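I set out below what I looked up in this structure. The entries concern cavities first and domains afterwards.

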Amino acid sequence: MEVFSFGCSSYCCSWSTTVPAIPSKFASTLNHHLLLLRNTNTRPFPSSQSLITLRRKRRFCEKFLAKMANYEGKTVTSDGTGVSSGKMIYKPILGDGVFRFDCSVNDRDAAFPSISFVNSRDRDTPITSDKVPVYTPTFECLLEQQVVKLEFPTGTSLYGTGEASGQLERTGKRVFTWNTDAYGYGPETMSLYQSHPWVLAILPNGEALGILADTTKRCEIDLRKESTIQFVAPSSYPVITFGPFASPTAVLISLSKAIGTVFMPPKWSLGYQQCRWSYMSDQRVLEVARTFRKKSIPCDVIWMDIDYMDGFRCFTFDKERFRDPKSLAEGLHYNGFKAIWMLDPGIKQEEGYFVYDSGCKSDVWVQKADGTPFVGEVWPGPCVFPDYTQSKVRSWWANLVKDFVSNGVDGIWNDMNEPAVFKVVTKTMPENNVHRGDSELGGHQNHSFYHNVYGLLMARSTYEGMKLANENKRPFVLTRAGFVGSQRYAATWTGDNLSTWEHFHMSISMVLQLGLSGQPFSGPDLGGFAGNATPRLFGRWMGVGSLFPFCRGHSEEGTKDHEPWSFGEECEEVCRLALKRRYRLIPLIYTLFYFAHTRGTPVTTPTFFADPKDPSLRKLENSFLLGPVLVYASTLRNQGLDKLEYTLPKGIWLSFDFGDAHPDLPALYLKGGSIIPVGLPLQHVGEARPSDDLMLLVALDEQGKAEGVLFEDDGDGYEFTKGNYLLTQYVAELQSSVVTVRVQKSEGSWGRPKRRLHVQVLLGGGAMLDTWGMDGEVLQVILPSEEEVSKLVSTSEKEYKERLEGVIQIPDAEELSGPKGTELSRTPIELKNGEWVLKIVPWIGGRIISMVHIPSGTQWLHSRLETSGYEEYSGTEYRSAGCSEEYSIIDRELELAGEGESMVLEGDIGGGLVLQRQIYFPKNAVSMFQVESSILSRSVGAGSGGFSRLVCLRVHPTFDLLHPSESFISFTSIDGSTHEVFPESGEQSFEGDLLPNGEWRLIDKCLGLALVNRFNVTEVFKCLVHWDCGTVNLELWSESRPVSNQSPLRISHQYEVVRIP
């Protein structure tokens, strides 16, 4: 057999190996790295950075050669490339229509246990079935990566991918499952706080199929090719398909049989919940609670963020500000509130702190590769982290939670559990950290194996601790990080969003995507977490968010207050109306959760669930279904309900409200054939009594029939599992102009409460006919003639229009004073061509806040409006003049006749100087965009000889690292030396002959892409690289000197994305 022999001799290594022949298509990759290894011998004694680079190259070669050796003798494709590929083999599992696929029998036998499945054995045990897969995935394996592809007919729509920002229909998008602290994420962010390697496909005929890549490791979900799903993750892993089934709901029910259903929530957790980072004392908490009751705004929960702790130590309370948590809980309970408290995984490394001492004694910490506890910086400072992959550690944590609950704790909030770590580029712990996991989870593995399930396992431990504390109460846990299966233990929210209209619009799709991925209990921070909401934005968001499964307002420190009464009387009234709507609909929402828990049905769904065959519904992003209720919202600042255009599904959809129609609230429609239960607009869930009046809203279908169900129990505990509940099915039927409403059947040991029943039969246009009776009796509503019905509808529509015109709308006040200064709700300006979309905010430093490369689907830069992003300074000092001034747009060209768009901005930086920036797309170069930056003299005084103060043009872009551990900077210097700068090198600058020779690259090896920054080397005096937490700065500095009319400072540079070998 032909062999190749490679060797390396350098200052620090002596290495050689002999391997089988390498296929030519991969030899170039290996030769490139070997050449770099050989070139090291020609340089002087290497720096520490050079040694790091050398080690990385050697590790790559060793891994490559070892992998190729492993393929010796294996079956290969006919072209002889050495790539293992083909159709995946399958076995039926669980039930009809569910199949497990593997690359080979050996791969099936060697697969790790499933953490996403309730019972891993269900995934591993074939069943007898005569069904065969309709769609069979193909695979390709090389260099420890397994690529799985599944192709569908043209016209297939793709959804799911778990917690994902951006559009609802996912075609064209790419997601990487790697739980990430993604503060202030944007629509193109590829990795958020949770990982769901799952896609739901809706076929052209309306049938649906789901596919799960059952791996905990980092996984790329590539949906950029139409009607095609591709997973890429380390070998090997099985994929599970569910369907095709007749409907997407059937797919989600089938999925729930594998991964489990959502936990049954305590009924109070469906009420409105108020949070803040932070309510700084128990007195402030009680003040907020009292204000809710005083203003008659419904609310059930007040949340305590991290500042309640003693120095951020978990399981402790600040001795001054929260000295008596039991008394605080009693005060809240007396007024109908529950209290939820935060617990993070980072435990302060401090002897004498009982949690740390106990954990050390029980040996519970995640370890470094050398066997010592890993220490990372979080809120308390240096911290250690529990290894929740071990049953003994989960038990240790659960017992801490049990004792913690005795302080009057009603629910627990698990935050920072990606796990997030400060002051490191990766924003998490090293991937070579060691978890000594239980064998049923995967055994001893490094962190890269367990990273994505760390949050799930923490939530599980917290949930089990709350059950230990009181087995007669249902736990409520909220988790930021999660994985497939997290819904068994915890609700979730969509993380640190922004107070912008873009994030408001996006929040609908994000909640729906989580529901389509098996997590029905979710919601955003209403009003936005980061930044100051405006009154209209906050009110609109509350109107929609009041109908999400999880309903909580939350805001960060340093922002203005974000309680419902904080934005003026008009916004306060809209919030009051919105939350009263929610409380009226809690009987419906609770019933939906009962079926989500017992059957796996969704709570909220995209509008297309009403008619999966209708392609016009598949991309609607401002409407959704809450059971049979269609919620239609305006997510545009200048478009109220009165200006909204509706796309309704086929069939009968009848509008309704509770006399609360408002231009800033969403429209509601009830599907024909449906009956929904409606309760009273209570102040908190605990006010409800079984004897309260019950309303039924009835919308008849084309056959004059309707049906609906109501689930009732104690609202907490587990008696319902023993049959102690009442499940009622109501039916309605129209015969001879009489609508008869009755109980068709009931289930459970509960007796029917003695209560009045109010039936409202919807006619359309908001009109209705009603009658009263007793629940359990047969009630009848007599319909008038068609002419009279038409008059009722016409009158109702007129009254509805007058009501909308007569109410006081929330003012369009987009400029508000506040601690954060300039508001974040103004709309950025877009510049775009065929390959790039840039977002620019002239009013804060003229900064670029987003750089999206369309062909690759990558967002290289994303920032808050008021900080980071692409900035420019006029001095060597960080954030000197130029970064925060308001810029004026002095020229703007839109795209015409193939010409790219352009913009010229100018900001006054004092002393008679302006900082001018032209951003444009060059002719005949659509793959790049150009930035021409200058410091110009406008009115420098004659007394200075026409010369300004000493200035330096400093270009300061902050690029996001999509894969921090796989990213580095590469360039060739003016003197011909090559450099690779990795994150561990910290900050480095390059001047003189070491200056990059007009080009440097930010390389992402995982993506196989590089962001190329080219510049005029004669204009640049210094280049600086600064690595930070998940970001890197590639700075260009001019020389420092005065400027005059004849001698401005300029830096001309451009950006382009290229593929790398």
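How much space lies in the second largest cavity? I worked on a predicted model throughout, and for the second largest cavity I read about 110 Å³.

**Entry 1: cavities**

I looked up the lining of the second largest cavity and found 14 residues. Leu252, Gly518, Pro520, Gly600 and Thr601 lie nearest its centre.

I then asked for the number of cavities of 30 Å³ or more, and the structure holds 6. The largest cavity has about 140 Å³ of space. I noted that 17 residues line the largest cavity, with Phe112, Asp214, Thr215, Thr216 and Phe449 closest to its centre. Sorted by class, the lining of the largest cavity comprises 8 nonpolar, 6 polar and 3 charged residues.

**Entry 2: domains**

I next consulted the domain assignment of the chain, which gives domain 1 as 84-259 and domain 2 as 829-1059. Taken over C-alpha atoms, the centres of domain 1 and domain 2 are separated by 40 Å.

**Entry 3: the interface**

Which residues of domain 1 lose the most area to domain 2? I first recorded the area buried between domain 1 and domain 2, about 1,100 Å². Carbon and sulfur atoms give 51% of that area. In domain 1, the residues that lose the most area to domain 2 are Glu188, Met190 and Arg218, and together they account for 40% of what that side buries.

I counted contacts next: 12 residues of domain 1 are in contact with 16 residues of domain 2. For salt bridges between domain 1 and domain 2, I obtained a count of 0. For polar contact across the interface of domain 1 and domain 2, I obtained 6 residue pairs, both residues at pLDDT 80 or more. By class, I entered 5 nonpolar, 3 polar and 4 charged residues for the side of domain 1 that touches domain 2.

Conventions: Residues numbered from 1 in each chain as written. Predicted model: local features only at pLDDT ≥ 70, side-chain atom pairs only at ≥ 80, totals over all residues. Heavy atoms only, no water. Domains from an automatic or database assignment. Contact = heavy atoms within 4.5 Å. Buried area = accessible area lost by both parts, 1.4 Å probe. Salt bridge = Lys/Arg side-chain N within 4 Å of Asp/Glu carboxyl O. Polar contact = N/O pair within 3.5 Å; in protein donor to acceptor, adjacent residues only side chain to side chain. Nonpolar A, V, L, I, M, F, W, Y, C, P; charged D, E, K, R; others polar. 1 Å grid on protein atoms, 1.4 Å probe; cavity = no way out; pocket = protein on both sides within 12 Å on 5 of 7 lines; lining within 4 Å. Points joined across faces, edges and corners; volume = space filled by probe spheres on them.
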